[in-house]
Amino acid sequence: VASLVNINDHPYCVVNLRDLSQQRAHEKAVQKLAQQDQLTGLPNRVLLIDRLRQAIAVAKRYDRQVALMSLNLDRFKQINNSLGHNVGDALLQQVAGRLSLGVRSSDTVSRLGGDEFVILLPEINSTRDVAMIADKMISHIAHPYLVDNQELAISPSVGICLFPDDGVEPEMLLRNADAALFNAKESGGRCYKFFTPEMNTRASERLALESRLRRAIEKGEFQLHYQPQIDLCTRRIVGLEALMRWQHPTAGTVSPATFEPLLEETGLIVPVGAWVIETACRQRAAWQRSGLLADDCTLAVNISPRQFASHSLVDLLQQSLANNQLAPQMLEVELTEGSLMHDTDATRRMLNELKQLGVRLSVDDFGTGYSSLSYLKLFEIDTLKIDKSFVDKITSDKKDEAISASIVNLAHNLQMLVVAEGVEHEAQLQLLQQMGCDIVQGYYFAKPMPQDQL
């Protein structure tokens with residue numbers, strides 16, 4: 001600020017100077033915080049939307065296309081939960097680096113949160129170009145990573161939408177890319193899908209189902225059914241499997257295949273799984289007091305991958321057993337192969353704690369998951385369950401028969417019991433008995449049923 005003054009009839013100019021460098025640096029830092037993801041340094045949603053608006057304006061002017069890719073990492077939550085958030089964050093930083101190196105200088109790679117990345121591709125000539133970029137990106141991201149001296153493998157799913165075909169506003173394009181991403185994950189992951197209008201309908205149905213699930217939890221609409229497990233030699237009931245059912249007040253019985261994957265994906269499986277464990281233990285104790293079940297009759301509960309990764313699982317089991325004065329050996333914890341796929345310290349600690357607790361351990365759907373059998377050597381598993389998909393064709397498909405027989409031999413050589421699921425016919429039963437299978441369950445003997453019918 002400058003001003004003129006007269007002193008003794010002489011004019012002087014008075015200049016006030018103020019250093020604004022700190023203020024400018026602060027303003028720049030604030031703007032950076034507002035537009036940049038703090039973990040990866042990538043543009044965040046605010047900056048992405050701004051650049052997407054600019055790309056749309058240019059595309060309108062020159063009659064061009066713009067592509068938007070929504071990218072998500074398959075099974076990232078499992079890695080985050082089992083190895084810790086520090087490892088998860090380091091993995092995200094490496095993924096961000098690979099994504100940035102794999103695009104053109106005119107493209108924008110952004111992170112919206114968690115493992116959700118969005119890539120903006122302006123000036124696209126054809127959908128074939130976008131498909132080639134997506135293919136290259138999936139292959140690039142799927143190469144193993146080294147984090148804290150651990151090799152981690154993870155793959156992405158990608159949803160793609162195009163301007164102007166799939167939307168003309170940034171928010172609409174983001175929604176449609178997310179709908180395509182959901183479709184890619186439904187297809188098994190490690191793939192890309194282009195948006196179609198039908199995907200929005202499915203996404204809306206999914207949101208409605210999630211809302212109904214939350215209400216079902218609040219209103220207690222879930223119940224447990226129990227399916228007997230039969231000893232092939234004595235034909236006695238030697239075990240029961242607790243299976244969750246949803247009795248909707250208007251839609252009736254909802255298939256577990258419809259709601260269980262969504263429970264797992266949303267994290268609702270953790271509170272619902274806690275209810276399953278407590279309810280099953282309470283019912284097993286009631287049968288014990290009434291003398292309806294022998295002491296050696298186990299009750300199996302299914303533990304999902306997310307539950308297995310939860311630090312509270314052992315405490316929850318211990319508390320439920322204590323609350324119901326139930327001996328630990330009466331409870332069997334069924335785990336999926338996916339839960340045991342990583343030979344990690346966390347997995348070993350969890351299994352050791354479960355064994356120390358005294359519960360039995362079984363591997364559900366054995367043979368349908370991962371090819372490595374090392375966990376059978378490393379962990380103290382009590383039971384292997386032959387998946388229903390093998391039992392279904394065991395009498396008509398020699399390969400399924402051979403696989404089933406191999407599982408029986410493998411389990412017995414490792415001092416484990418074998419349970420065959422989905423037995424529906426006498427011929428299946430006879431063949432399994434010839435193989436030396438120990439226990440069977442399926443509609444041949446009984447469907448899953450409420451405790452009063454059981």
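This report walks through the confidence, one sheet and a few unusual backbone spots of a predicted protein model.

## What you're looking at

Residues are numbered from 1 along each chain as its sequence is written. Since this is a predicted model, local features need pLDDT of at least 70 and side-chain atom pairs count only at pLDDT 80 or more, while totals for chains, interfaces and linings use all residues; side-chain values use heavy atoms, with hydrogens and water left out.

## How confident is the model?

Let's start with pLDDT, the predictor's confidence in each residue, from 0 to 100. The protein has a mean of 89, and 96% of its residues reach 70 or more. Confidence is lowest in helix H1 (residues 21-35), with a mean of 69, and highest in strand S18 (residues 439-440), at 97. Where pLDDT is low, the predicted coordinates should not be read in detail.

A quick word on those labels: helices (H or I, at least four residues) and strands (E, at least two) are DSSP runs, numbered from the N terminus.

## A sheet of five strands

Strands of a sheet pair through backbone hydrogen bonds, either parallel or antiparallel. Here, two strands count as paired if DSSP finds at least two bridges between them. One open sheet has five strands in the order S4-S5-S3-S8-S9, and its pairing is mixed. Strand S4 (108-113) and strand S9 (192-194) are at the edges with a single partner strand each, so one side of each has no neighbour in the sheet. On average, neighbouring strands of this sheet are turned by 20° against each other, direction ignored.

Zoom in on S8 and S9: they pair in the parallel sense over three bridges. Glycine 159 has lysine 193 in S9 as its bridge partner.

Helix H4 (residues 85-101) lies across S3, S4 and S5, and runs at about 5° to S5. Contact means heavy atoms within 4.5 Å. For the angles, axes are lines fitted to C-alpha atoms (for helices, over the stretch in contact), and values run from 0 to 180 degrees between N-to-C directions.

## Odd spots in the backbone

Phenylalanine 163 and proline 164 are joined by a cis peptide bond, with omega at about 5°. You'll find proline 164 in the loop between strand S8 (156-163) and helix H6 (170-186).

Aspartate 63 isn't a glycine, yet its phi is positive, near 55°. This aspartate 63 sits in the loop between helix H2 (45-62) and strand S3 (65-73). Glutamate 123, in strand S5 (residues 116-124), also has a positive phi, near 55°.

Are these two buried or exposed? Buried means under 20% relative accessible area, exposed over 50%, and partly exposed in between (1.4 Å probe, protein chains only). Aspartate 63 counts as exposed because its relative accessibility is 72%, while glutamate 123, at 44%, is partly exposed.
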